[in-house]
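Here are some notes to accompany a first look at this chain. They begin with confidence and overall form, and then turn to the interior and to one sheet.

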Amino acid sequence: MSDALLETPVSGRERVTAVKIPVSRYTSPEFFAREMTDVWPKTWQLACTVDHVANPGDWHEYRVGHLSVLIVRGDDGVLRAFQNVCLHRGSELCSGSGTELAEIRCPFHRWTWGLDGRLREVPSRREFGVLNDDYPLIGVQVDTWGPMVFVNLDPEAEPLADFLDPVPAEAAWAHLEEFRGQALISVRADCNWKTLIEGFSETYHVQGIHREMLGMADDVNGPQVIWPRHGRLVQSYGLPSPRQGRPGRDEDVFASFVEVMGARIGVEDRAAHSGSATPVVGKELIYFQTGHGKPELWAVKPGGHGVLDDSLVVWKVKKNVPTRSSTVLVDDLLYMVDDGGIASCIDAKTGADVWRKRIGGNYSAAPLFADGRIYFFSEEGKATAIAPGRELKVVGEGTLEAGFMASPAVSDHALILRTKTHLYRVELPKGK
Ligand code: FES
Ligand SMILES: [Fe+2]
């Protein structure tokens, strides 16, 4: 491939030839073994941030496959990295990360090195005839770009700056040197590493799993540049996706941005809404629960488009709203039971209280309306039947041994109930 072709920016709208990658690169143990011998011991890898090893005695273990590197800030302030392995019999030296490390002591037989990697102590040294200069820890190359610490296990490897070229120059506008590392989060993903990396190098999946971003991110025009070893993808925030097929108003784009990124810019995290309760569609209004810690029940008018606007919200109820179980609408009344067992009835048109009563138990399952009765099923196994209406009338109670998490269903004249252990078919009383 010529350099000219490699440096051609490719916008999402230009047609490029798709490349088929053999499945074996993701699944073959032989290919994985080759990566472990030919790639990871020889390439620069981002290990942590400078903030994680800022002070003398700060240390961080970086792992890739079976390879492990110990990065440590010495008493002299110098950042060093070593293979995280004991020179005596190969035990692992440190695991995880920490501060105030005074020496590197192997847990197996307590051979000990200074933070500069020089051997310092060998129990029963005379038996071994070992001098402190004989067995320094095996050094690993370490260098930084802005706040990022990179390591390379290959002592012959090219300098980090050569490896990264032209990325630092192309990213100079971002002033990465001003970034600080607040947290380092490791998550084990159940996939080949390339699958994950690829997900972070395209915006094609935004219309799939990040649909909430379509109001605030242009996922189609994401210019990519591919250099010989590295690449760049630009994703524009603050523009609506062309997939929406209409220009976005600034207010809509901003509202969508807050919805997606609110927590990161200090705005209340509206994305943290409950997703488990099913909305209920009435004759004129739609009812849904929202919010995690303090759930609310909202009644909204159907219609409109874009981001839900307050003018469409007819009423909100904040008292005894369940986070998990849904509401049930019968005629013009809504029935619900909160997580702690307080059942309530609400006027569906106005949101006004009709009645409220503790029926006991904890609730995840939604109430069910069947054959003229409303049934509530608790996690402890209690079933309560009431007659719909503006007066609370309990018409039956019973228990099934294991409790209910799943919402019940109705079929002909039978309730289909799933407890934590069994599936039941319960015939409803005849003549109802
Ligand atoms: S293996 Fe480390 S001291 Fe023996
Ligand atoms: Fe994503």
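1. What is the mean pLDDT of the chain, and what share of its residues reach 70 or more? This is a predicted model, in which the mean pLDDT is 87 and 92% of the residues reach 70 or more. Residues 1-9 need a separate remark, since their pLDDT is below 50, and beyond near neighbours in sequence this stretch has nine contacts in the model. Where pLDDT is low, the predicted coordinates should not be read in detail.

2. As for overall form, the chain holds nine helices and 29 strands. Its radius of gyration is 31 Å, whereas the globule rule gives 22 Å for 432 residues, so the chain is more spread out than a compact globule. Measured out along the principal axes, the C-alpha trace spans about 95 × 60 × 40 Å.

3. Of the 432 residues in the chain, 23% are buried. Among contacts with a separation of 6 or more, 43% are between residues 24 or more positions apart.

4. The largest nonpolar core has 31 residues, and those with the most contacts inside it are Tyr287, Leu334, Tyr335, Tyr375, Phe376 and Phe377. Two or more residues of this core come from each of strand 17 (296-300), strand 20 (333-337), strand 21 (342-347), strand 24 (373-377), strand 25 (382-387) and strand 28 (414-418). Apart from this core lies another, of 29 residues, which includes Cys48, Tyr62, Ile71 and Cys86. As general background, nonpolar side chains in soluble globular proteins tend to be buried together.

5. Which residues does leucine 334 touch, if those up to four places away in sequence are not counted? Leucine 334 touches Tyr287, Thr327, Leu329, Ile346 and Ala348, and of these Tyr287 is also listed with Leu334 among the residues that have the most contacts inside the largest core.

6. Strands 20 and 21, which each give two or more residues to the largest core, also belong to an open sheet of four strands, with the order 19-20-21-22 and antiparallel pairing. The edges of this sheet are strand 19 (328-330) and strand 22 (353-358), each of which pairs on one side only. Neighbouring strands of the sheet are turned by 20° against each other on average, with direction ignored.

7. Within that sheet, strand 20 and strand 21 run antiparallel and are joined by five bridges. One residue pair can be named here, as leucine 333 has aspartate 347 in strand 21 as its bridge partner.

How values were computed. Residues are numbered from 1 along each chain as its sequence is written. Chains are lettered from A and ligands numbered from 1 in the order in which they are written. This is a predicted model: local features need pLDDT of at least 70, side-chain atom pairs count only at pLDDT 80 or more; totals for chains, interfaces and linings use all residues. A nonpolar core is a set of buried Ala, Val, Leu, Ile, Met, Phe, Trp, Tyr and Cys residues joined through C-beta atoms within 7 Å. A residue is buried if 20 or more other C-beta atoms lie within 10 Å of its own, exposed if 12 or fewer, and partly exposed in between; C-beta atoms are placed from the backbone. Two residues are in contact if their C-beta atoms, placed from the backbone, lie within 7 Å. The radius of gyration is taken over C-alpha atoms; the globule rule is 2.2 Å times the number of residues to the power 0.38. pLDDT is the predictor's confidence in each residue, from 0 to 100. Two strands pair if DSSP finds at least two bridges between them. Axes are lines fitted to C-alpha atoms, for helices over the stretch in contact, and angles run from 0 to 180 degrees between N-to-C directions.
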